[in-house]
Amino acid sequence: MLHRVIDIVKSVGSFIREEATHFSKNSVEFKGGYSDLVSYVDKEAERRLVEGLGALDLNYGFIAEEGTGTKSNEWNWIIDPLDGT
C-alpha cells in the first residue's frame with residue numbers, strides 16, 4: 001500500500017510543479033483575512049489527494065484545509081498540499 005500512496009503523492013507533486021511554471025498571482029483568492037490565501041492549485045491538489053487516497057478504501061477520513069473530505073472517528077489523513085500560497 002505504501003507504494004500506492006507514494007504514487008498518488010508524486011502525481012500531485014508533479015501537478016503542483018507543472019502549475020508553478022505558469023502560475024499567476026491573480027489567481028490567488030482571499031479566504032478570510034489578508035493573510036488567509038488560497039489558489040486553484042491548492043484546491044485542486046487537495047481534491048486530487050483526497051480522491052486518490054480515498055480510492056485506497058482504507059476507511060480513513062480526511063482533515064483538509066480547504067474542506068475537502070470528511071473526518072473519521074478514528075483514522076484521518078491530514079491534507080494541506082500547498083502551504084504558503
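This dialogue explains how to read a helix pair and a set of salt bridges in a predicted model.

Reader: What should be known about the model beforehand?

Author: The model is predicted, so local features need pLDDT of at least 70 and side-chain atom pairs count only at pLDDT 80 or more, while totals for chains, interfaces and linings use all residues. Residues are numbered from 1 along each chain as its sequence is written, and side-chain values use heavy atoms, leaving out hydrogens and water.

Reader: How is the packing of two helices described?

Author: The angle between the axes and the distance between the axes describe two packed helices. Helices are DSSP runs (H or I, at least four residues), numbered from the N terminus. Axes are lines fitted to C-alpha atoms over the stretch in contact, with angles from 0 to 180 degrees between N-to-C directions. Here, the axes of α1 (residues 2–20) and α2 (residues 40–54) come within 10 Å and cross at roughly 165°. Helix α1 is therefore roughly antiparallel to α2 (angles over 145 degrees).

Reader: Which charged side chains form salt bridges?

Author: Side chains of opposite charge can pair when their charged atoms come close. A salt bridge is a side-chain nitrogen of Lys or Arg within 4 Å of a carboxyl oxygen of Asp or Glu. By this rule there are three salt bridges. E44 pairs with R47 (2.7 Å, N to O) and with R48 (2.9 Å, N to O), and R47 pairs with E51, their closest N and O atoms being 2.8 Å apart. Shared partners join E44, R47, R48 and E51 into one network.

Technical notes. Helix = DSSP H or I, 4+ residues; strand = E, 2+ residues; numbered from the N terminus. Parallel < 35°, antiparallel > 145°, perpendicular 65-115°, else oblique.
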